[in-house]
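The following exercises are to be worked through with the sequence and the model at hand. Each task is followed by a solution in steps.

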Amino acid sequence: MVSELTISAVDIIRKQREFFQTGKTKDVYFRIGQLKILKQAIIEHEQAITQTLKADLNKPEFETYAAEILVTKEIDYAIKHIQTWTKPQKAPVPLNFFPYSAKIYPEPLGVVLIIGAWNYPFQLTISPLVGAIAAGNCAIIKPSELAPHTSNLLAEIIPKYFDSRYIAVVEGGVETSQKLLAEKFDHIFFTGSTTVGKIVMTAAAKNLTPVTLELGGKSPCIVDTEINLEHTVKRIVWGKFINAGQSCIAPDYLLVDKKIKNNLVDILRKTLKEFYGDNPANSPDYARIINHKHFGRLVHFLKDGEIIIGGKTNSEELYIAPTIINNVSWTDPIMQEEIFGPILPIIEYSDITEAIALINSRPKPLALYLFSQNKNLQKRVLQETTSGGVCLNDTMIQFSVSSLPFGGVGDSGIGSYHGKASFDTFSHYKSVLQNSFLLDLNWRYAPYKGKLSLLKRLLG
Ligand code: NAD
């Protein structure tokens, strides 16, 4: 028998197209069955997933469970709602269209490609897969080569539970990704950087393939004075330093009201100690940087501004301590690109108008955080800024609420997913209008003589 891995991607796509044509994936019970199998596969491999994430990122078991394994919640949500999502929706038809009736039918797109990133390498490929399955598609997954242990594990697990004519994993780096992108898919779902997002969209345009781009950017975190300072700092430290800051929606930098900045820094110091001890290098709860290239990029940022907490690095261990930086300038490299690591610059403002203007002068972020109990301020920030999503008085948690579509806007992405949004992303909504043979009035047929005034009276 030819091994799965030696079959070329082109063959897999052809076989998936043939399988899709059988119509099997359109059956809602088939989809529910496959979602249950996917959940089972994850549960049965919980330990292996924990081990591979430890190997790729030194990810603590708690973080793997919370942010990777619990993708099973997305599966549960899809199973619970799929019967409603797949039902054709009646659409209203104006009275003068009598006896027409209208419905909207969701239908699968066909064969889709999912390209993943390395920071949550399991969850970021499985979560879109849940949407692809729920919507009735076949799928090819290309995990990130930068998290090789997780990529290998996905390539091992998926064929054990799914026929490659239905769901397949193709491993590889940029070259593999580019070869896949040259093929015709019915949808491409990409998670990664804004730079590569542009490459993906260019390749997709050649085949007129629709894309979802889940990208990154610099997500600001505004801290006002009307807060519970201890709670605020805990939530910021957790969201920034989980996975050693390598989260697309981690607070990238703080914009802090000048009046509370010193207090905030004191509590930051205390909280970091509580979370990770005197030397975070020895903490079992602190991840590592993915590779030397990203480590080097991050160490370079440490030259900007003034380090007030942390700053220690160890290249051999790919360790960068949780670091707080003061006095950065907007022209410093650290403020020019997404940090995507455990370094948090603090910028003070004396007037919120100034902070809002700064945010609006930059590309639209994926997430925006505001810590404030002041309703007027909340309203202002919501009205005067734009971002993929907003979380008030917390960080990161918005990602875990399945009823909230997750995605960017502008440079931070195109399209969204999670819950119903995942189903929508991988569906085509087909409009169907039906007439009956009850009557057939002549008002629209040629010859038109004498009918224009009737048309104007009826529809004008
Ligand atoms: P990346 O763009 O370097 O790589 C992502 C994927 O694209 C990988 O599978 C890789 O093999 C492939 N790829 C890389 N270069 C390519 C090329 N030239 N042509 C075709 N394919 C190519 O991103 P990354 O470093 O894996 O992830 C970090 C970025 O992803 C950050 O910007 C982060 O904010 C973003 N991100 C976004 C989300 C989200 O949900 N919006 C989630 C995680 C990460």
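**Exercise 1. Identify the residue of β5 that is the bridge partner of A139, and describe the sheet that contains β5.**

Solution.
Step 1. In this predicted model, A139 has I167 in β5 as its bridge partner.
Step 2. Strand β4, residues 138-142, is joined to β5 by three bridges, and the two strands run parallel.
Step 3. The open sheet has six strands in the order β5-β4-β3-β6-β7-β17, and its pairing is mixed.
Step 4. At the edges stand β5 (167-169) and β17 (413-414); each has a single partner strand, so one side of each is left without a neighbour in the sheet.
Step 5. Helix α6, residues 123-134, packs on this sheet and touches β3 (111-115), β4, β5 and β6. The direction of α6 makes about 165 degrees with that of β3.

**Exercise 2. Describe the open sheet formed by three strands.**

Solution.
Step 1. The order of the strands is β1-β2-β18, with antiparallel pairing.
Step 2. β1 (89-91) and β18 are the edge strands, since each pairs on one side only.
Step 3. On average, neighbouring strands of this sheet are turned by 30 degrees against each other, direction ignored.
Step 4. Between β1 and strand β2 (residues 101-108) there are three bridges, and these strands run antiparallel. A91 has A102 in β2 as its bridge partner.

**Exercise 3. Determine whether the residues of strand β15 are buried or exposed, and find the strands that pair with β15.**

Solution.
Step 1. Strand β15 comprises residues 367-371, and five of its five residues are buried.
Step 2. In a regular strand, side chains alternate between the two faces of the sheet.
Step 3. The two faces of β15 can therefore be examined in turn: A367, Y369 and F371 lie on one side, L368 and L370 on the other, and all are buried. Both faces of β15 are thus covered.
Step 4. Three bridges connect strand β8 (residues 220-223) with β15, the two running parallel. I222 stands opposite L370 in β15.
Step 5. Four bridges connect β15 with strand β16 (residues 389-392), again running parallel. The bridge partner of L368 in β16 is V390.

**Exercise 4. How many aromatic pairs does the structure hold, and how is the pair of F189 and F426 classified?**

Solution.
Step 1. The structure holds 16 aromatic pairs.
Step 2. The ring centres of F189 and F426 are 5.8 Å apart, which is within the cut-off of 6.5 Å for a pair.
Step 3. The planes of these rings stand at 25 degrees, and planes under 30 degrees apart count as stacked, so this pair is stacked.
Step 4. F189 belongs to strand β6 (residues 187-191), whereas F426 is in the loop between α16 (419-425) and β18 (427-434); the pair therefore ties together parts that are 237 residues apart in sequence.
Step 5. Both F189 and F426 are buried. Ring pairs link F189, F399, F406, Y417 and F426 into a cluster.

**Exercise 5. Explain why C221 does not form a bond with C391, and give the number of disulfides.**

Solution.
Step 1. The cysteine sulfur closest to that of C221 is in C391, at 9.5 Å.
Step 2. A disulfide requires sulfur atoms within 2.5 Å, so this distance is too far for a bond.
Step 3. C248 is likewise in no disulfide, as the nearest cysteine sulfur, that of C391, is 13 Å away.
Step 4. The number of disulfides in the structure is zero.
Step 5. C221 has a relative accessible area of 0% and is buried. C248 has 19%; buried means under 20%, so C248 is buried too.

**Exercise 6. Locate D285 in the chain and state which residues D285 touches.**

Solution.
Step 1. D285 is in the loop between α11 (261-276) and α12 (292-301).
Step 2. The relative accessibility of D285 is 40%, so this residue counts as partly exposed.
Step 3. Residues up to four places away in sequence are not counted; D285 then touches P60, E63 and Y276.

**Exercise 7. State the domains of the protein chain and how many residues of each are in contact.**

Solution.
Step 1. The domain assignment gives domain 1 (4-215 + 413-432) and domain 2 (220-407).
Step 2. Taken over C-alpha atoms, the centres of domain 1 and domain 2 are separated by 30 Å.
Step 3. In domain 1, 24 residues are in contact with 23 residues of domain 2.

Technical notes
Residues are numbered from 1 along each chain as its sequence is written. This is a predicted model: local features need pLDDT of at least 70, side-chain atom pairs count only at pLDDT 80 or more; totals for chains, interfaces and linings use all residues. Side-chain values use heavy atoms; hydrogens and water are left out. Rings of Phe, Tyr and Trp (its six-membered ring) pair if their centres lie within 6.5 Å; planes under 30 degrees apart count as stacked, over 60 as edge-to-face and the rest as tilted. Buried means under 20% relative accessible area, exposed over 50%, partly exposed in between (1.4 Å probe, protein chains only). Two strands pair if DSSP finds at least two bridges between them. Axes are lines fitted to C-alpha atoms, for helices over the stretch in contact, and angles run from 0 to 180 degrees between N-to-C directions. Domain bounds come from an automatic or database domain assignment. Contact means heavy atoms within 4.5 Å.
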